[in-house]
Amino acid sequence: MIEKVKNYMLQKRMVQKDDKIVVGISGGPDSICLLCVLAELKEEFGYELAAVHVNHMLRGEDADLDEQFVTDFCDKMQVPLNVVREDVKVYAEKYHLSTEEAGREVRRQAFEQTMRLYDGNKIALAHHMNDNAETVLFHLARGTGVKGAAGIQPISGNYIRPLLCLKREEIEAYLQEKGIKSCLDKTNLENLYTRNKIRNEIIPYFREHINEKTVEHIYAFTEQMRELKAFVDSFVREKFDEIVVVKEDAYFLPVEELEKTDPALRSYLIREVIVQAAGREKDIESIHLRDVEELMRKQSGRQIDLPYGLRAFREYDDICIREKEESEEKLFVELMESGEETDGFHRMIEVSQRDVKLEIRMFCREKNWSAFVEQPYTKWFDYDIIKNSIVLRTRQPGDCITINDCGQTQKLKKYFINNKIPEAKRDRILLLADGSHIMWIVGYRQSKKYQITDTTKKVLEIKIFNYGGKNNGRKY
């Protein structure tokens, strides 16, 4: 058996000379076997060992006895040990997790804390072939793709699993042959958790009634799935770099390119975009991938919610994935009242809601004066045409803008659609308004109705600073 594990570690290139490996020890047969095997191969590979034991404080005196057993065993093996005590039940309540989730999180933190404590670089866990079979069946029952079907990875980041090539029976036979004792966690025999039911009921049924080599065949299947996953990952990385555009924390997937992507690989590309946007993988399921794919066949403006506060939009020729934005408070700031005294009028106004500043100035237009150079964030208006108070605000129902010299108007909504302004952006665009008539869509266009002509007498000048927080207007 030792030779089998040694060859597996060499095949997977798990360890290097001078590695410092932290071994997770529960006290059960699997982890005790792992420590013994790694200790036996220590001189040959040239690594060092340390150990960590986590007392979850869930089983009272039994948990304390396990802790003492592990402490004595590591002393006997002359392996330094770090014991971490954490009340998993309290942790689960504090962070609103299930006991299983809390236990996994606590163990992960303890493993990585111990790795830093001993200046280690790898963490060895005692997963074996039976654990792998349980994991694959669990993933398949919940719904999975290639990644879930690939089962437990032999190497994932700093984590290595040298016993993944062994069946549980081989581990038990090794301990019996060597006369090595271990602890029995009675909760493993109870069917309180899904994995225990798979371990104690499903797999034994398969082995007895379908095929006695069920565990080995599932392991061979996962090896093939890992090879397939490597191919898929390579394709996704290449395709992501080729077609995905990232702008301001938003990820844009061109629909035309998605349609060209083989349907068998499309969902993996979509998943990678969601993972990149979310910064994590957990809880991204096949239904989310299907929902995003459905947006390819939807009209612009359609959207769906995704995990981790993300939202996917169909925005004309793209599918955009980004964080949901808090609905911004409607803006309404009166700049000038109708008929306000205009002689020498000059005012600075700060709009803290949008972090912008406006300068408003009024002056008489001199005869033959035509120094109105087009600028994106400075506009001039014929003041005498204005009928209502001048307001800086966001959009409202009924808004319209004059689009040509003939006086033809267009609904603001239609203007946004025609100019492919994303739905999610429309509520943030500032508007200078005279009642329901838009004088200026800031950053886009000015109404023809209010532009300066030869008959203009009073000119209203408005400058906007720092629009969008990028100083793309004038600086203060």
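Relative accessible area sorts residues into three classes: buried means under 20%, exposed means over 50%, and partly exposed lies in between, with a 1.4 Å probe and protein chains only. Residues are numbered from 1 along each chain as its sequence is written. The model is predicted, so local features need pLDDT of at least 70, side-chain atom pairs count only at pLDDT 80 or more, totals for chains, interfaces and linings use all residues, and side-chain values use heavy atoms, with hydrogens and water left out.

**Exercise 1. Two loop residues with a positive phi**

Task: find where Lys420 lies and which exposure class Lys420 belongs to, then do the same for Tyr308.

Solution:
- Step 1. Helices (H or I, at least four residues) and strands (E, at least two) are DSSP runs, numbered from the N terminus.
- Step 2. Lys420 sits in the loop between helix 15 (412-418) and helix 16 (423-426).
- Step 3. The relative accessibility of Lys420 is 47%, so Lys420 counts as partly exposed.
- Step 4. Lys420 is not a glycine, yet its phi is positive, about 55°.
- Step 5. Tyr308 is found in the loop between strand 9 (303-306) and strand 10 (310-315). With a relative accessible area of 29%, Tyr308 is partly exposed.
- Step 6. Tyr308 also has a positive phi, about 65°, although it is not a glycine.
- Step 7. For background, most residues other than glycine have a negative phi.

**Exercise 2. Checking helix 2**

Task: work out what span helix 2 should have and compare it with the distance between its end C-alpha atoms.

Solution:
- Step 1. The expected span of a helix is 1.5 Å times one less than its number of residues.
- Step 2. Helix 2 (residues 29-40) has 12 residues, so it should span 16 Å.
- Step 3. The end C-alpha atoms of helix 2 are 16 Å apart, which agrees.
- Step 4. Now look at burial: Asp30, Ser31, Ile32, Cys33, Leu34, Leu35, Cys36, Val37 and Leu38 are buried in helix 2.
- Step 5. That makes 9 of the 12 residues buried, so helix 2 is largely enclosed by the rest of the structure.

**Exercise 3. Two residues of strand 14**

Task: decide whether Ile360 is buried or exposed, and whether Cys364 is buried or exposed.

Solution:
- Step 1. Ile360 belongs to strand 14 (residues 356-364), and Cys364 is placed in strand 14 too.
- Step 2. Ile360 has a relative accessible area of 1%, so Ile360 is buried.
- Step 3. Cys364 has a relative accessibility of 54%, so Cys364 counts as exposed.
- Step 4. Contact means heavy atoms within 4.5 Å. Leaving aside residues up to four places away in sequence, Ile360 touches Leu335, Met336, Phe345, His346, Arg347, Ile349, Leu460, Glu461 and Ile462.
- Step 5. Ile360 and Met336 are 24 residues apart along the chain, and their C-alpha atoms are separated by 9.1 Å.
- Step 6. Cys364 and Phe313 are 51 residues apart along the chain, with 48 Å between their C-alpha atoms.

**Exercise 4. The overall form**

Task: find how the radius of gyration of the protein compares with the globule rule.

Solution:
- Step 1. Begin with the inventory: the protein has 16 helices and 22 strands.
- Step 2. The radius of gyration of the protein is 33 Å, well over the 23 Å that the globule rule gives for 476 residues, so the protein is more spread out than a compact globule.
- Step 3. Here the radius of gyration is taken over C-alpha atoms, and the globule rule is 2.2 Å times the number of residues to the power 0.38.
- Step 4. The C-alpha trace spans about 110 × 45 × 40 Å along its principal axes.
- Step 5. Of the 476 residues, 46% are buried.
- Step 6. Among contacts between residues at least 6 apart in sequence, 68% join residues at least 24 apart.

**Exercise 5. A far-off pair**

Task: find how far apart Asp454 and Glu281 are in sequence and in space.

Solution:
- Step 1. Asp454 lies in the loop between strand 21 (445-446) and strand 22 (458-465).
- Step 2. At 73% relative accessibility, Asp454 counts as exposed.
- Step 3. Asp454 and Glu281 are 173 residues apart in sequence and 63 Å apart in space, C-alpha to C-alpha.
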